[in-house]
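I opened the notebook to go through the empty spaces in this model and the helices around them. The entries follow in the order in which I looked things up.

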Amino acid sequence: MVGVFHYSKSRLIGISDGIFAVVLTIMVLDIKTPISTAQGPMLDLIKHLVIYFVSFGIVSQYWVYHQELFSRIEHTTSLITITNIYYLCFISLTPFATSWLNDDFGHQLPTMAYSVIIILVNLTQAIMFHEVIEIGESDGIKMSAHDREEYRSAQIMLGFSLLYLLISYFAPQYFLIVVIIGIALRTTVTTSARIINFIRTRRITK
């Protein structure tokens, strides 16, 4: 018997996509037009653009994971709904951290705040992965090689974010470089794994 009250997957995805869209949009508002074309203001503009592109890339990466995460399961639970709400809460703090980084780049406190927010997002993301796997298993959905690779990637992202915190504490001036390297490595590893899985699947089907 189906009860009257249940947790809606479509509503969960709807509010998630809405918050992602707002976060990705408002970060650009912190980029100010330079008051002159002198070297100082132009360097500040380049710095702000680089920080914006990095933050945009990070949040976009989270959205890609999120839409894949909920693509196969048919229903949600109270636990994953609550986890998703906190996940979105931490995602919503990204524009604040980006703005602070813009205003005080190279200093310890803003880079540490940025790192802590990334850690919280990655932690709740890893928890959601585990919860979705449990829902899938209860519905008889088996994990594919791609699913296992995505789950490992989520765990790797959490590990990288802990490294970001160490760098932000001991060498905040290099924080942005390490984050860019982390994004590049994460993308390279995932792409390589997907290509290997595709080749293996083709060989099996032949």
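Which element gives the most to the lining of the second largest cavity? I found that H5 does, with 4 residues.

**Entry 1: ground rules.** I am working with a predicted model, in which local features need pLDDT of at least 70 and side-chain atom pairs count only at pLDDT 80 or more, while totals for chains, interfaces and linings use all residues. I number residues from 1 along each chain as its sequence is written, and side-chain values use heavy atoms, with hydrogens and water left out.

**Entry 2: the chain.** I counted 7 helices and 0 strands; helices (H or I, at least four residues) and strands (E, at least two) are DSSP runs, numbered from the N terminus. The order of elements from the N terminus is α-α-α-α-α-α-α. The C-alpha trace spans about 65 × 45 × 30 Å along its principal axes. Of the 206 residues, 39% count as buried; buried means under 20% relative accessible area, exposed over 50%, partly exposed in between, with a 1.4 Å probe and protein chains only. I also looked up contacts (heavy atoms within 4.5 Å): among those with a separation of 6 or more, 81% join residues 24 or more positions apart.

**Entry 3: the second largest cavity.** On a 1 Å grid over the protein atoms alone, a cavity is a set of points where a 1.4 Å probe fits but cannot get out; a pocket is an open set with protein on both sides within 12 Å along at least five of seven lines; lining residues have an atom within 4 Å of a point. Grid points are joined across faces, edges and corners, and a volume is the space filled by probe spheres set on the points. I noted a volume of about 50 Å³ for the second largest cavity. Its lining consists of Ile58, Tyr62, Thr94, Tyr114, Ile117, Ile118 and Val121. H2 and H5 are the elements that give two or more residues to this lining. By class I have 6 nonpolar, 1 polar and no charged; Ala, Val, Leu, Ile, Met, Phe, Trp, Tyr, Cys and Pro count as nonpolar, Asp, Glu, Lys and Arg as charged, and the others, Gly among them, as polar.

**Entry 4: the largest cavity.** The search of the whole structure gave 2 cavities of 30 Å³ or more, and the largest has a volume of about 120 Å³. Residues that line the largest cavity include Ile58, Tyr62, Ile118, Asn122, Tyr164 and Arg186. H2, H5, H6 and H7 (175-205) each supply at least two residues of this lining, and H7 gives the most, with 4 residues. I recorded 8 nonpolar, 3 polar and 1 charged residues there.

**Entry 5: Ile118.** I followed up Ile118, which sits in H5 (residues 108-138). Is Ile118 buried or exposed? I put Ile118 down as buried because its relative accessibility is 6%. Outside its neighbours within four places in sequence, Ile118 contacts Ile58, Tyr62, Ser161 and Tyr164. Ile58 is 60 residues away along the chain, yet the two C-alpha atoms are 8.9 Å apart.

**Entry 6: H2 against its partners.** H2 (residues 39-69) packs on H5 at an angle of about 10°, with the axes 11 Å apart. Axes are lines fitted to C-alpha atoms, for helices over the stretch in contact, and angles run from 0 to 180 degrees between N-to-C directions. I therefore entered H2 and H5 as roughly parallel; under 35 degrees counts as roughly parallel, over 145 as roughly antiparallel, 65 to 115 as roughly perpendicular and the rest as oblique. Ile58 and Tyr62 of H2 and Ile118 and Val121 of H5 are among the residues that make the contact. The contact has 10 nonpolar, 4 polar and no charged residues.

The axes of H1 (residues 9-26) and H2 come within 10 Å and cross at roughly 170°, so I entered H1 as roughly antiparallel to H2. Phe20 and Leu24 are among the H1 residues that meet H2, where Tyr62 and His66 are among the partners. I counted 9 nonpolar, 3 polar and 1 charged residues in this contact.

**Entry 7: the largest pocket.** I last checked the largest pocket, with a volume of about 350 Å³. Of its 18 lining residues, Glu68, Leu69, Arg72, Val132 and Asp147 lie nearest the centre. H2, H5 and H6 (145-170) each supply at least two residues, and the largest share, 5 residues, comes from H5. The lining divides into 8 nonpolar, 4 polar and 6 charged.
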